[in-house]
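Could you walk me through this model in the viewer, stop by stop? Please tell me what to select next and what is there.

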Amino acid sequence: MRHIAIIGSGPAGYYTAEAVQKQWGDDVHVDVFDRLPVPYGLIRTGVAPDHQSIKAVSNRYEKTALTENVRFVGNVSIGSDVSIDELCDLYDAVVLATGAPNDRALGLPGESLKNVFGSAEFVGWYNGHPQFAALAPDLSGKSAAVIGMGNVALDVARILSKTEAEFTGSDIVGHALSALTASGIQQVTIVGRRGPYQVAMTPKELGELAHLERASPRVDPEDLPDEAEDAILEPGLRKSVTHLRSFAAIPASIHSDAEIEIHFDLFASPVAMHGSGKVRSVEVERTVVEAGRAVGTGETYQIPADLVVTCIGYRTSPIPGVPFDERMGRFANDEGRILTGLYCVGWARRGPTGTIGTNRPDGYSVVEKIGEDIDSGKLGRADKQGRAGFDALAMERALDIVTFRDWKKIEEAEAAAARDGSPREKFVDIAAMIRTLG
Ligand code: NAP
């Protein structure tokens, strides 16, 4: 019997569990750990609440979770409740699928002013992540700046712009829906340090901005190169640029009629945030793009911002004793291998890039590596206790473990508490989740 521990129950974790099962069938036990009592990681707390179809991928993870040889071990923090060394002693292989839950900082003056948030915090707030549920951003001002030109920036800009009715069918948490409904924001500026050919936003997500009830997207036509140049772009980027062109063609009268304008401020690199106590503006430097890089021109100006959300990427949480690549913000690894018996997968391996589906081949490839290491005799000591050993440790430490069956009870209670048309009202604190279990 093989014993595999996977730390993290998001897409990377469950695709890895699926791959382990395919590889060893009934001859393996997989324990999928999570520090929260609920599974699915970013599917629950990262994917936008108005993108329910994307969240449906959790049905696939549930199939894996419900098989005999895979079990969910929730409400256990690896590093504090149990150490990595202890897990490595118990299991043949330990796979870190812990994602990249921390915001990268811009490192600019004024970044610590009130109402400046990283996207992990802000997205966690509207998605009901227990760590960020109490964030209480002040949405009473007129202007918001969203820094970054990726899909997370788009999610944040869209969520800030939707009407209450547009959240029907979403699972946005009640506290965020109330705050957004009462929001005074009229101007959302998406700040990009490079130009339209360098956007990281994908076409489908960008196109959604054209269909918002009360918001209109604005791109300055002079920021767009001659249309003939689009021919050199790869098809996805070309489609995104086509959306930007269509936003640039929206007449000014539409913008002035809209309650909210979403302005793409391109070629603008943030240099500081200003305000007294609370943020009031973002100072940016006009850039030109040379050989793909943003180069400052020395010209600066202020973008009004009563709220700032930086959407510039994430870092993995280091674990004491596990080699870490500080510059890249992820575990130091060679194609998923960290140390003998210790692996990483997903964002913890490659950094915060790619779609949910990218984690599938990642999971399969790390399991291939584990297989090679078992075959070559590096792993697979006969004295590994696996699950039984962990259970003994958990009992000794009186850990309050949440099982998959427990999660189904939490899920049921969340569905029962849902607003009309919404799939669930999430519990936003761990104690409330545990109380549901009686
Ligand atoms: P991302 O796609 O890497 O975008 C990060 C953005 O931040 C880039 O535009 C980058 O600009 C900018 N940036 C970085 N450092 C900066 C700085 N110092 N100053 C100004 N701008 C800076 O990351 P993300 O939006 O966080 O998304 C993470 C991953 O999740 C991506 O793969 C994304 O596609 C995926 N995702 C997908 C969906 C979806 O499919 N619906 C939704 C959300 C997220 P430069 O390019 O100039 O560095």
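## A pocket to start from

Start with the second largest pocket, which holds about 210 Å³ of space. Keep in mind along the way that this is a predicted model. To centre the view, select Y40, K55, S58, E411 and R424, which lie nearest the centre of the pocket among its 14 lining residues.

Now switch to cartoon and colour the helices around the pocket. α2 (42-45), α3 (52-55), α4 (58-65) and α15 (404-416) each supply at least two residues of its lining. Which helix gives the most to this lining? That is α4, with three residues. If you colour the lining by residue class, you will find seven charged residues, three polar ones and four nonpolar ones.

## On to the ligand

Next, select the ligand and the residues around it. There are 21 in this shell, and M149, N151, R193, R194 and G354 are the closest. By class, the shell divides into eleven nonpolar, five polar and five charged residues.

Show distances from the oxygen atoms of the ligand. An N or O atom in the side chain of N151 is 3.0 Å from a ligand oxygen. At V152 the partner belongs to the backbone instead: an N or O atom there also lies 3.0 Å from an oxygen of the ligand. C311 offers a backbone N or O atom too, at 3.4 Å from a ligand oxygen. How much of the ligand does the protein bury? Taken alone the ligand exposes 920 Å², and the protein buries 79% of that.

## Helix α7 and the residue after it

Stay here and pick out α7, which supplies the largest share of the ligand shell, three residues. Select residues 151-161 to see the whole helix. Is α7 largely enclosed or largely open? Nine of its eleven residues are buried, so the rest of the structure largely encloses this helix. To see them, select A153, L154, D155, V156, A157, R158, I159, L160 and S161.

Then move on to K162, in the loop between α7 and α8 (174-181). K162 counts as buried because its relative accessible area is 11%, below the 20% cut-off. Show its side chain together with that of D50: a polar contact of 2.7 Å joins the two.

## The loop between α6 and β7

Now select A134, which sits in the loop between α6 and β7. Its relative accessible area is 74%, so A134 counts as exposed. For a distance to check, pick the C-alpha atoms of A134 and G124: the two residues are ten apart in sequence and 9.8 Å apart in space.

In the loop between α6 (119-126) and β7 (143-147) you can also select A136. Look at its backbone torsions, where phi is positive, about 50 degrees, although A136 is not a glycine. A136 is exposed as well, at 58% relative accessibility.

## Last stop: N75

Finally, go to N75, in the loop between β3 (70-74) and α5 (84-90). Here phi is near 70 degrees, a positive value in a residue other than glycine. Is N75 buried or exposed? With a relative accessible area of 17%, N75 is buried. Put N75 and A136 side by side in your selection list: each has a positive phi, but N75 is buried, whereas A136 is exposed.

Key. Residues numbered from 1 in each chain as written. Predicted model: local features only at pLDDT ≥ 70, side-chain atom pairs only at ≥ 80, totals over all residues. Heavy atoms only, no water. Helix = DSSP H or I, 4+ residues; strand = E, 2+ residues; numbered from the N terminus. Buried < 20%, exposed > 50% of the residue type's maximum accessible area, 1.4 Å probe, protein only. 1 Å grid on protein atoms, 1.4 Å probe; cavity = no way out; pocket = protein on both sides within 12 Å on 5 of 7 lines; lining within 4 Å. Points joined across faces, edges and corners; volume = space filled by probe spheres on them. Nonpolar A, V, L, I, M, F, W, Y, C, P; charged D, E, K, R; others polar. Near = heavy atom within 4 Å. Polar contact = N/O pair within 3.5 Å; in protein donor to acceptor, adjacent residues only side chain to side chain. Areas by Shrake-Rupley, 256 points an atom, 1.4 Å probe, with all protein chains shown as cover.
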